[in-house]
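Student: I am new to this structure and would like a close look at a single part of it, the place where aromatic rings come together. Could you take me through that part slowly, and then show me what lies around it?

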Amino acid sequence: MSTSSNGVDGGVFAAVDIGASSGRVILGRASGSGISLQTVHRFPNGVVEHDGGLRWDFDALFTEVLAGLRTAATVASAQGETIASIGIDTWAVDYGLVNKAGELVAQPFSYRDDRSRAAVAPVHAKLDPSRLYQTSGLQFLQFNTIYQLATERGLDGLQALLIPDLIAFRLTGVRRTEATNASTTGLFDAVAGEWATEFFTALGLRKDLFPPLIQPGETVGTLLPEIAAQVGLLQDTKVVAVGSHDTASAVAAVPAQGENFAYISSGTWSLVGLELKHPVLTEASREANFTNERGVDGTTRYLRNVGGLWLLSECQRTWASEGFKPDLTALLAAAAALPAGGPRINADDAYFIAPDNMPERIRAAVRRTGDVLSSEPAAITRCIMDSLAAGYARTITAAERLAGRSVDVVHVVGGGSQNALLCQLTANATGRPVVAGPVEATALGNVLVQARAAGAVAGGLAELRRIVATGTSLDRYQPLVAARQGCVN
């Protein structure tokens with residue numbers, strides 16, 4: 001199939017994009033003017049207390065996925081369109097266990113559950129942290145899949161499917177593990193791009209605990225007849241593997257020109273780092289707690305998890321429970337009006353992972369530094385924004401040093417790209433221009449990989465990014481010496 005002068009031909013694709021707090025089903029259309037997105041279904045997501053832990057209600061999630069695909073089919077049909085394929089991306093590390101009959105034996109645990117904390121020491125007794133890092137290149141987080149699995153008992157006859165792979169299995173009946181998400185498990189060889197089978201052996205896990213690997217752009221399978229009938233799609237509709245770790249899809253759609261860029265995928269979490277051709281597996285990198293995760297086209301996402309807008313959303317939830325529901329725009333404006341140099345916290349401290357009274361936890365963290373933070377929402381919001389920007393700057397500086405790469409520009413994608421205060425503070429803290437957008441980077445990356453697999457887009461990541469850059473409205477922020485905040489277009 002030939003492409004237009006803009007690098008895009010025709011095609012309609014469905015993107016299932018689920019985050020830790022919400023999910024969407026989106027129609028992506030490839031045309032001569034680029035990629036357009038239409039959200040056809042939104043639904044909430046969140047952890048629930050169930051069977052003695054924090055879990056995901058996967059059955060409810062899958063019901064929403066089907067509802068979204070049904071709506072997508074209806075919308076496309078009304079316009080005389082046929083959906084060519086479906087791609088799925090979600091958060092990483094979490095999994096569901098299915099038996100030989102394909103039944104989910106329990107609702108999947110959430111990474112926010114504290115169960116894996118006790119497994120860290122036993123895992124490290126069998127696999128030294130240095131050895132783990134030299135193979136997997138994975139940042140230490142107590143909720144990484146390897147530690148979660150160490151808490152499981154009775155795995156005989158069961159198979160672990162990461163959340164997007166579990167959705168794909170329910171749609172197609174085919175079990176596969178998409179590589180970008182596999183790279184977040186701690187059981188993946190960052191250099192070979194295969195499972196680190198010696199780790200499975202050391203931990204007493206079956207080597208076939210996960211299904212075989214599949215790469216972004218490869219076809220998982222076609223819809224099961226009963227699923228196709230239920231959602232109103234053709235039975236030969238493909239489910240195509242994309243960057244199923246949502247950050248992998250988001251980074252694929254960073255509208256960068258050239259290689260010397262840093263990215264911040266800003267949402268519930270902030271994923272801050274560089275895109276590299278090869279992983280950095282040095283001891284210095286391990287000590288700095290950087291991760292090497294797989295990207296689209298075999299790239300390495302060299303990054304750290306930094307605290308994200310979860311801090312603010314949890315504060316909003318607490319304030320709402322107390323009868324105070326501030327408008328977010330007004331809240332950020334009030335925070336921007338406060339002077340620079342206020343209290344800060346370590347935004348990626350594990351202390352802030354679990355849901356709780358976040359405003360008080362932030363104030364307590366400030367007190368431990370010997371400082372004082374007002375209980376006013378604007379002051380707490382400004383503390384969050386300043387702390388995130390400072391964390392971004394520290395992370396980017398460390399990544400440059402460890403990877404031997406200089407950064408000329410910082411790209412912020414995802415929901416946080418709409419936060420002008422955070423973007424301007426990031427430009428100030430990093431001393432580099434910030435390009436904000438697209439908000440829908442994850443969905444764009446998802447659709448672009450599908451479109452390329454269908455032949456509607458040609459070329460590598462540079463071409464995908466050119467399509468995004470030319471078809472997206474972007475905001476630009478220049479570093480300011482003064483405390484005044486604003487968007488510089």
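Tutor: A good residue to begin with is Trp56, which in this predicted model has a relative accessibility of 2% and therefore counts as buried, the limit for that word being under 20%. The structure holds twelve aromatic pairs, and one of them joins Trp56 to Tyr111, whose ring centre is 6.3 Å from that of Trp56; because the two planes stand at 45°, the pair is tilted. Trp56 belongs to strand 5, residues 53-56, whereas Tyr111 sits in the loop between strand 7 (95-98) and helix 2 (120-126), so this pair ties together parts of the chain that are 55 residues apart in sequence. Tyr111 is buried as well, with a relative accessible area of 5%.

Tyr111 also takes part in an aromatic pair with Phe143, where the distance from centre to centre is 5.2 Å and the planes are 50° apart, which is again a tilted arrangement. Here too distant parts of the chain are linked, since Phe143 lies in the loop between helix 3 (129-136) and helix 4 (145-149), and 32 residues separate Phe143 from Tyr111. Like Tyr111, Phe143 is buried. Taken as a whole, the ring pairs connect Trp56, Trp91, Tyr111, Phe143 and Trp269 into a cluster.

Two members of that cluster lead outward to other parts of the structure. Trp91 is in contact with Asn181, and the other residues that Asn181 touches, leaving aside neighbours within four places in sequence, are Ala92, Val93, Leu162, Pro164, Ser244 and His245. Asn181 itself has its place in helix 6, residues 179-182, and its relative accessible area is 0%, so this residue is buried. Next to Tyr111 in the sequence comes Arg112, which lies over the face of another ring, that of Trp310, at 3.6 Å from the ring centre. A second arrangement of this kind places Arg368 over the face of Tyr351, at 4.6 Å from the ring centre.

From the rings we can turn to a sheet. Seven strands form an open sheet with mixed pairing, and their order across the sheet is 17-18-16-15-19-20-21. At its edges are strand 17 (291-294) and strand 21 (475-477), each of which pairs on one side only, and from one strand to the next the twist averages 30°. Strand 16, residues 270-276, runs antiparallel to strand 18, residues 300-306, and seven bridges join the two; within this pairing, Leu276 stands opposite Thr300.

Strand 15, residues 261-266, has six of its six residues buried. Both of its faces are covered, with Phe261, Tyr263 and Ser265 on one side and Ala262, Ile264 and Ser266 on the other. Strand 15 pairs with strand 16 in the antiparallel sense over five bridges, with Ser265 opposite Leu271, and these two strands form a hairpin with three residues between them. With strand 19, residues 409-413, strand 15 instead runs parallel, joined by five bridges, and in that pairing Ala262 stands opposite Val410.

Helix 15, residues 420-430, is mostly covered, as eight of its eleven residues are buried, among them Leu421, Leu422, Cys423 and Gln424. What covers these buried residues includes strand 15 and strand 19, together with helix 12 (328-336), helix 14 (377-403), strand 20 (434-436) and strand 21. After helix 15 comes Gly431, which has a positive phi near 70°.

Lastly, there are the nonpolar cores. The largest has 84 residues, of which Leu69, Ile86, Ile167 and Leu171 touch the most other members, and helix 1, residues 58-78, gives the most to this core, with ten residues. Leu171, leaving aside its neighbours within four places in sequence, is in contact with residues that include Phe62, Leu66, Leu69, Ile88 and Val239. A second, separate core of 50 residues includes Ile264, Ile380, Leu402 and Val410; of these, Ile264 is one of the buried residues of strand 15, and Val410 is the residue of strand 19 that stands opposite Ala262.

Note on methods
Residues numbered from 1 in each chain as written. Predicted model: local features only at pLDDT ≥ 70, side-chain atom pairs only at ≥ 80, totals over all residues. Heavy atoms only, no water. Phe/Tyr/Trp six-rings, centres within 6.5 Å; stacked < 30°, edge-to-face > 60°. Helix = DSSP H or I, 4+ residues; strand = E, 2+ residues; numbered from the N terminus. Buried < 20%, exposed > 50% of the residue type's maximum accessible area, 1.4 Å probe, protein only. Lys NZ or Arg CZ within 6 Å of the ring centre and 35° of its normal. Pairing = 2+ DSSP bridges. Axes fitted to C-alpha atoms, helices over the stretch in contact; angles between N-to-C directions. Core = buried A, V, L, I, M, F, W, Y, C linked by side-chain atoms within 4.5 Å. Contact = heavy atoms within 4.5 Å.
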